[in-house]
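User: I would like to learn how to read packing, burial and backbone features from a structure, one at a time. Could you take me through some cases, giving the general idea before the particular one?

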Amino acid sequence: MWQAILGLGGLGLAASLSLVIASRKFAVETDPKVEMIIASLPGANCGGCGFPGCSAMAEAIARSEAPMTACPVGGSEAVKRIAEILGVEAETREAVVARVLCMGGCKSAVEKSRYHGISDCRAAAMISGGSKACGYGCLGFGTCARACPFDAITMSQDGLPVIDEDKCTSCGNCVAACPKNIILLLPVNKKVTVLCSSHDKGAVVKKKCSVGCIGCSLCQKACPFDAIEMDRFLARIIPDKCQQCGLCVGKCPTHVIEDQLKGLRPVALIQEACNGCAECVKVCSVAAIQGQPGQLHIVDPAKCVGCRACADVCPIHVIEMLSNTGKVSAKV
């Protein structure tokens, strides 16, 4: 009996030694920077970066195969920490947020048929593009909400997804989940948005949806900054050109342009050091500035749309943008 016990013990000891030797011989060296980068990430493993998870992305960043801004969730703080780990200067990344470019809910959009099946937008879209007459419209089954790992999307009573921009991390999961491609990642600091995706002609849109873009171009004509283009009967705002003056919003006959800055726009204030050069008057598209040449000019706050055009051209920098609280406002 003792011989059997000693034999088994010897075999166990030999196997243990073999495993120790094998683990040391075949051990894969890990870059300590990878572990530090992983610790700097939020650990959401949402896949928004395009990698299977945070670990895979951290390895790619350490090997310089992915930018330090690859994580859409971590934000500027994560980028700053990763830059310190890599010993380089932090890169900048424009903050973006998911927005639903459709207002055609149950009350506004016409349905061409009734769908009875899996409560999933992708499944519904496989049957003649879905039940809605508008082939570009939201199907309303909440697939995007279920795809969001941060509970940033809820479904309204009208059957449309509502995005909480404070919770949205711009991971892009909802963008990938939407079969209609009506969810886009747009600059978070741009608050004027055309909430429609239809490329149908105006007459067709009117038959299918009461809140769709009809391609009338009135918004484009009203924009003093050439920030709106018509893309196959659909108005699109060019973020880099948009000054968020809101003039397009009032011109839209179907009220499809969202204005998150309504009542929050800053107002220009010209200081007494103004030399009356009138450069501000030339660029003001709403005639909100008055004054005689060589004298102090005055801004009519009731007309000012807060576009900053006057402040940008002032050669002596005496024009400030004031918020509703009276404090100097940064460019929105």
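Analyst: The crossing of α2 and α3 is right-handed, and this pair can serve as a starting case, provided we keep in mind that the model is predicted.

User: How should I describe such a pair, and at what angle do the axes of helix α2 and helix α3 cross?

Analyst: In general, two packed helices are described by the angle between their axes and by the distance between those axes. Here, helix α2, which covers residues 32–40, and helix α3, which covers residues 54–62, have axes that cross at roughly 130° and come within 9 Å. An angle over 145 degrees would count as roughly antiparallel and one of 65 to 115 degrees as roughly perpendicular, and α2 and α3 are therefore oblique to each other.

User: Which residues of α2 and α3 meet?

Analyst: From α2 come V34, I37 and I38, and they meet C54, S55, A58, E59, I61 and A62 in α3. Sorted by class, the contact of α2 with α3 has seven nonpolar residues, one polar residue and one charged residue.

User: Then let me turn to α4: at what angle do α2 and helix α4 pack?

Analyst: The angle is about 165°, and the axes of α2 and helix α4, residues 75–86, lie 9 Å apart. Since the roughly antiparallel class begins over 145 degrees, α2 and α4 are therefore roughly antiparallel to each other. The crossing of α2 and α4 is right-handed. On the α2 side the residues are K33, M36, I37 and S40, which meet A78, R81, I82, I85 and L86 in α4, and by class this contact of α2 with α4 has six nonpolar, one polar and two charged residues. I37 is listed among the α2 residues that meet α3, and I37 is also listed among those that meet α4.

User: Let me move from helix pairs to single residues. Is T143 buried or exposed, and what does its side chain do?

Analyst: A useful habit is to place the residue, then judge its accessibility, and then look at its partners. T143 is found in helix α6, residues 143–147, and T143 counts as buried because its relative accessibility is 4%, where the cut-off is under 20%. A polar atom of the T143 side chain lies 2.8 Å from the backbone nitrogen of C121. Setting aside neighbours within four places in sequence, T143 is in contact with D120, C121, R122 and A177.

User: Where does C174 sit, and which residues does C174 touch beyond its sequence neighbours?

Analyst: C174 belongs to helix α7, residues 173–177, and at 8% relative accessibility C174 counts as buried. When residues up to four places away in sequence are not counted, C174 touches A98, C144, I153 and I183. Of these, A98 is 76 residues from C174 in sequence, yet the two C-alpha atoms are 8.0 Å apart in space.

User: What of loop residues: is A152 buried or exposed?

Analyst: A loop position should be checked for accessibility like any other. A152 is found in the loop between α6 and β2, the latter being residues 153–155, and A152 is buried, with a relative accessible area of 2%. Apart from neighbours within four places in sequence, A152 is in contact with V162, I163, D164, K167 and C168. The C-alpha atoms of A152 and D166 are separated by 7.9 Å, with these positions 14 residues apart along the chain.

By contrast, E111, in the loop between β1 (96–100) and α5 (121–125), counts as partly exposed at 45% relative accessibility. E111 is in contact with S131, K132 and A133, again leaving aside neighbours within four places in sequence, while K208, 97 residues away in sequence, is 8.0 Å away in space, C-alpha to C-alpha.

User: Which backbone angle should I look at for S128 and H255?

Analyst: The angle to look at is phi. S128 has a positive phi of about 55° although S128 is not a glycine; S128 is found in the loop between α5 and α6 and is exposed, with a relative accessible area of 60%. H255, likewise not a glycine, has a positive phi of about 55°; H255 lies in the loop between α10 (247–251) and β8 (257–259) and is exposed, with a relative accessible area of 60%.

User: How many helices and strands does the protein chain have?

Analyst: The protein chain has twelve helices and twelve strands, and buried residues make up 42% of its 332 residues. Among contacts between residues at least 6 apart in sequence, 56% join residues at least 24 apart.

Note on methods
Residues are numbered from 1 along each chain as its sequence is written. This is a predicted model: local features need pLDDT of at least 70, side-chain atom pairs count only at pLDDT 80 or more; totals for chains, interfaces and linings use all residues. Side-chain values use heavy atoms; hydrogens and water are left out. Axes are lines fitted to C-alpha atoms, for helices over the stretch in contact, and angles run from 0 to 180 degrees between N-to-C directions. Helices (H or I, at least four residues) and strands (E, at least two) are DSSP runs, numbered from the N terminus. Angles under 35 degrees count as roughly parallel, over 145 as roughly antiparallel, 65 to 115 as roughly perpendicular and the rest as oblique. A crossing is left-handed if the near helix is turned anticlockwise from the far one by less than a right angle, and right-handed if clockwise. Contact means heavy atoms within 4.5 Å. Ala, Val, Leu, Ile, Met, Phe, Trp, Tyr, Cys and Pro count as nonpolar, Asp, Glu, Lys and Arg as charged, and the others, Gly among them, as polar. Buried means under 20% relative accessible area, exposed over 50%, partly exposed in between (1.4 Å probe, protein chains only). A polar contact is a pair of N or O atoms within 3.5 Å; within protein, one must be able to donate a hydrogen and the other to accept it, and residues adjacent in sequence count only if both atoms are side-chain atoms.
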